Amino acid sequence: MPEIQFSEKLVLFIKFIPVFLISITIHEFAHAFSAKKFGDATAEQQGRYSLNPVKHIDPIGSLLLPFLSFFSGAFLIGWAKPVPVNPNNFRNPLRDNALVSFAGPLSNFMLAIVLFSVFAALQNTQSGLTNIFYYGTVFNIFLFCFNLLPIPPLDGSHILFSIFPNRFTAQWLNLGFYGSLILLFFIFSPLWKYFLILINSILKLFLLIAGMR
């Protein structure tokens, strides 16, 4: 009977799925946690104050798009279902909304540091998980930078409005479907190359600090 063989890329992708789900879940939980701290319990009331990935999975962003990006050979892109936040419940709506919006990307940056620390510790071992922690680091750096882009519906657009609250930023924040189109245009534009350079620069900084370059 012929031996069944799986491509190394597919095996790596399957191993990476838990890291992917943990990363997007921690991002959304950070929003929910910080929102509650500032007085908004909307996420908790809707069952989203949780570290259970099932609570945060978005059919397109968490399932379809990651698989499509894998099979197309593109950079892995994905997201979770946004946590509901009501800025009207905050004591200082503009300031607190900016901090809650920043909490998600910040959690990914902190997770990137943790994953990279494990990756560095496993460098002199024969562990088969070394690559998972490396790619997990890259993915969380990506999530940190990507979500800070000032394009709706990303967190950066909320931060932009909170810092510069005016009619233009309010209209920009509420672009709805058009914001997603602008985001897609950015991803497939020449500007995307410079965005990836930014991610690589941060990764190189990590490697430099760890004495691995």
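## Helices α4 and α5

In this predicted model, helix α4 brings Phe102, Pro105, Leu106, Asn108, Phe109, Leu111, Ala112, Leu115, Phe116, Val118 and Phe119 into contact with helix α5, where the partners are Thr130, Phe133, Tyr134, Gly136, Thr137, Asn140, Ile141, Leu143, Phe144 and Asn147. Sorted by character, the residues of this contact comprise 15 nonpolar and 6 polar ones, with no charged residue among them.

The axes of α4 and α5 come within 8 Å of each other and cross at roughly 160°. Because angles over 145 degrees count as roughly antiparallel, α4 and α5 are described as roughly antiparallel to each other. The crossing of these two helices, α4 and α5, is left-handed.

## Helices α4 and α9

Helix α4, which spans residues 93-121, also packs against helix α9, residues 191-209, and here the angle is about 45° while the axes lie 11 Å apart. The two helices, α4 and α9, are therefore oblique to each other, and their crossing is right-handed.

On the α4 side of this contact stand Phe109, Ala112, Ile113, Phe116 and Phe119, which meet Ile202, Phe206 and Leu207 of α9. The residues of the contact of α4 with α9 divide into 8 nonpolar ones, with no polar and no charged residue.

## The largest nonpolar core

The largest nonpolar core of the model holds 35 residues, and those with the most contacts inside it are Phe139, Ile141, Phe142, Cys145, Phe146, Trp192 and Phe195. At least two residues of this core are supplied by each of α1 (8-37), α4, α5 (130-147), α8 (177-187) and α9. The largest share, 9 residues, comes from α5.

Phe195, one of the residues with the most contacts inside the core, can be followed to its individual partners: leaving aside residues up to four places away in sequence, Phe195 touches Phe142, Cys145, Phe146, Leu149 and Phe186. Of the residues named here, Phe142, Cys145 and Phe146 also appear among those with the most contacts inside the core.

## A cis peptide bond

Most peptide bonds are trans. The bond from Pro152 to Pro153, however, is cis, with omega near 15°. As for where this bond falls along the chain, Pro153 lies in the loop between α5 and α6, the latter helix covering residues 155-163.

Key:
Residues numbered from 1 in each chain as written. Predicted model: local features only at pLDDT ≥ 70, side-chain atom pairs only at ≥ 80, totals over all residues. Heavy atoms only, no water. Axes fitted to C-alpha atoms, helices over the stretch in contact; angles between N-to-C directions. Helix = DSSP H or I, 4+ residues; strand = E, 2+ residues; numbered from the N terminus. Parallel < 35°, antiparallel > 145°, perpendicular 65-115°, else oblique. Left-handed = near helix turned anticlockwise from the far one by under 90°. Contact = heavy atoms within 4.5 Å. Nonpolar A, V, L, I, M, F, W, Y, C, P; charged D, E, K, R; others polar. Core = buried A, V, L, I, M, F, W, Y, C linked by side-chain atoms within 4.5 Å. Buried < 20%, exposed > 50% of the residue type's maximum accessible area, 1.4 Å probe, protein only.
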